[in-house]
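Open your viewer and get the selection tool ready. We will go from one stop to the next together.

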Amino acid sequence: QLDLLWTRKQNVMYNLFDWPTQKHSKLIILAIANTMDLPERIMMNRVASRLVCPSKCRCLFKHTKIMKCCASWLSCLEILLQTCPVYFQVAALSGDARRCLDICRRATEICEFASQKRTPEIVRMAHVTEAIDEMFSSPYINAIRNASLHEQIFLKAILAEFRRAGVEEATVQQVYHQHVALCRIEGMQSPTVSEIMAICSRLGACRLLLVESSNKYLHMRVRLNISQDDAMYALKDE
């Protein structure tokens, strides 16, 4: 689980992938990660450059593969799940088949609970929809959807900066530059620095962001307090 070896300076990852490059080394390292685009999203350039074939890390599950995984799991439980958009939804977000299995598992539990009151039935779309609503209706996701337009743009700017820098932490100033760029694309007026600081403070108060406690202002560092997948899901319809 390479994700768990991440540190701020990334010395552990660097040393790990540097060993095979040593003279006369006979070591080959195969790394597995849950983050599908880990080299681009997390690794510094000096670490990513040590990878022989980083493209091998980007093996996203297509919706057809996720369907096969779920169908195999569900057949073991001797239940039938109707084909539904959940496969496409999960594949579009992160390609993580485990999330789809979690939805199927919860849908099965909902169906079993309902069957105790009535005659037994198969897992239907209504059960899956209820399971999806439970999984993607956390207070944090609802808070993002109810946030102001500039607060949502600020979160999009954070995601854009994380993708650009390859780390999951940024300064307010870096995010501000992304925010201004997004406003230009949308033809909107950019907020002032004081307005950006107020937006960051509100998102921090809602615990959507983890904001460094200091008087560095624009140089304060921020991180998301939810997963990037959940943030993208909450923002995708906005």
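Here is a tour that starts with the whole chain and then visits a sheet, two helix contacts and one residue.

**Before you click**

You are looking at a predicted model, in which local features need pLDDT of at least 70 and side-chain atom pairs count only at pLDDT 80 or more, while totals for chains, interfaces and linings use all residues. Residues are numbered from 1 along each chain as its sequence is written, and side-chain values use heavy atoms, with hydrogens and water left out.

**Stop 1: the whole chain**

Show the cartoon: the protein chain has twelve helices and three strands. These are DSSP runs numbered from the N terminus, helices being H or I with at least four residues and strands E with at least two. Of the 238 residues, 39% are buried; buried means under 20% relative accessible area, exposed over 50% and partly exposed in between, with a 1.4 Å probe and protein chains only. Take the contacts (heavy atoms within 4.5 Å) with a separation of 6 or more: residues 24 or more positions apart account for 64% of them.

**Stop 2: the sheet**

Now select residues 221–224, strand β3. In what order do the strands of the open sheet run? The order is β1-β3-β2, with antiparallel pairing; two strands pair if DSSP finds at least two bridges between them. The edge strands β1 and β2 each pair on one side only.

- Add β1, residues 170–171, which is joined to β3 by two bridges. Here A170 stands opposite V222, and T171 faces R221.
- Add β2, residues 209–211, which has three bridges to β3. V211 is the residue opposite V222 on this side.

Show the side chains of β3 next: V222 and L224 make up the covered face, R221 and R223 the uncovered one.

**Stop 3: α9 against α10**

Select α9, residues 149–165, together with α10, residues 172–186. Their axes come within 8 Å and cross at roughly 115°. Axes are lines fitted to C-alpha atoms, for helices over the stretch in contact, and angles run from 0 to 180 degrees between N-to-C directions. The crossing is right-handed: a crossing has that hand if the near helix is turned clockwise from the far one by less than a right angle, and is left-handed if anticlockwise.

Residues of α9 at this contact include I153, F154, A157 and R164, and those of α10 include V175, H179 and L182. By class, the contact has eight nonpolar, four polar and three charged residues. Ala, Val, Leu, Ile, Met, Phe, Trp, Tyr, Cys and Pro count as nonpolar, Asp, Glu, Lys and Arg as charged, and the others, Gly among them, as polar.

**Stop 4: H179**

Stay in α10 and center on H179. Is H179 buried or exposed? It counts as buried because its relative accessibility is 0%. Leaving aside neighbours within four places in sequence, H179 is in contact with H150, I153, F154, A157, P191 and I196.

**Stop 5: α9 against α12**

Keep α9 and add α12, residues 228–235; the two axes come within 11 Å and cross at roughly 140°. The crossing is left-handed. On α9, select Q152, L155, K156, L159 and F162; they meet Q228, A231, M232 and L235 in α12. This contact has six nonpolar, two polar and one charged residues.
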